[in-house]
Amino acid sequence: MKFTGVVCIAFVIVFVSALAPTKAVLEEKVECIPTELMTCIPALQTGSQPPADCCEKLKEQESCLCGYIQNPLFSQYVTSENAHKILAACGIPYPTC
């Protein structure tokens with residue numbers, strides 16, 4: 001009788017702990033959409049100060065920058081001298097990939 005009581009209590013503990021919410025924070029998946037960075041094009045072409053919405057989108061897609069650097073279609077835009085200026089103006093460190 002004691003053994004079944006212990007097993008029953010153990011089962012309840014395991015069951016309740018499995019239902020308890022965890023504190024793990026799920027990382028939000030960022031979509032890498034290069035066309036959202038179109039507002040950065042004038043600053044990229046002229047080396048001028050980037051608009052606020054450009055910085056906002058760059059910060060949203062900061063985790064995408066290495067992918068853009070490794071992609072031959074976008075690499076020239078992300079590795080240019082003006083791109084470095086834009087990232088610095090937006091307070092985003094240049095990624096080390």
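The following exchange asks how the descriptions of this predicted model were reached.

Me: What kind of model is this, and which pLDDT limits apply?
Reply: The model is predicted, with local features needing pLDDT of at least 70 and side-chain atom pairs counting only at pLDDT 80 or more, while totals for chains, interfaces and linings use all residues. Residues are numbered from 1 along each chain as its sequence is written, and side-chain values use heavy atoms, with hydrogens and water left out.

Me: How do you know what secondary structure the chain has?
Reply: Helices (H or I, at least four residues) and strands (E, at least two) are DSSP runs, numbered from the N terminus. By that reading the chain has 6 helices and 0 strands, and its pattern along the sequence is α-α-α-α-α-α.

Me: Why is the link of Cys-40 and Cys-54 called a disulfide?
Reply: A disulfide is a pair of cysteine sulfur atoms within 2.5 Å, and the sulfur atoms of Cys-40 and Cys-54 are 2.0 Å apart, so the pair meets the definition. With 110° about the S-S bond, this link is right-handed. Cys-40 lies in the loop between α1 (2–19) and α2 (41–46) and Cys-54 in helix α3 (residues 52–60), so the disulfide ties together parts that are 14 residues apart in sequence.

Me: What makes the pair of Cys-55 and Cys-90 a disulfide, and which parts of the chain does the pair link?
Reply: The S to S distance between Cys-55 and Cys-90 is 2.0 Å, and a disulfide joins them. The link is left-handed, with -70° about the S-S bond. Distant parts of the chain are linked here, Cys-55 being in helix α3 and Cys-90 in the segment after α6 (81–89), 35 residues apart.

Me: How do you know whether Cys-66 and Cys-97 are buried or exposed?
Reply: Buried means under 20% relative accessible area, exposed over 50%, and partly exposed in between (1.4 Å probe, protein chains only). Cys-66 has a relative accessible area of 23%, so Cys-66 is partly exposed, whereas Cys-97 has 55% and is therefore exposed. These two cysteines are joined by a disulfide, S to S 2.1 Å. By contrast, Cys-55 and Cys-90 are both buried, and so are Cys-40 and Cys-54.

Me: How many disulfides are counted, and what is the pairing?
Reply: The count by this rule is 4 disulfides. When the bonded cysteines of the chain are numbered in sequence order, the pairing is 1-5, 2-3, 4-7, 6-8.

Me: Why is Asn-82 called buried, and what does Asn-82 touch?
Reply: The relative accessible area of Asn-82 is 17%, so this residue of the model counts as buried. Asn-82 is found in helix α6. Contact means heavy atoms within 4.5 Å, and, leaving aside neighbours within four places in sequence, Asn-82 is in contact with Ala-43, Leu-44, Gln-45, Thr-46 and Gly-47.

Me: What makes Gly-47 partly exposed?
Reply: Gly-47 has 26% relative accessibility and therefore counts as partly exposed. The residue sits in the loop between α2 and α3, where Gly-47 touches Pro-42, Asn-82 and Lys-85, not counting residues up to four places away in sequence.

Me: Which residues touch the most other members of the largest nonpolar core, and what makes a set of residues a nonpolar core?
Reply: A nonpolar core is a set of buried Ala, Val, Leu, Ile, Met, Phe, Trp, Tyr and Cys residues joined through side-chain atoms within 4.5 Å. The largest has 17 residues, of which Leu-58, Leu-65, Tyr-68, Ile-86, Cys-90 and Ile-92 touch the most other members. At least two residues of this core come from each of α2, α3, α4 and α6. Not counting residues up to four places away in sequence, Cys-90 touches Pro-50, Cys-55, Leu-58 and Lys-59.

Me: How do you know how much of the chain is buried?
Reply: Of the 97 residues in the chain, buried residues make up 23%.
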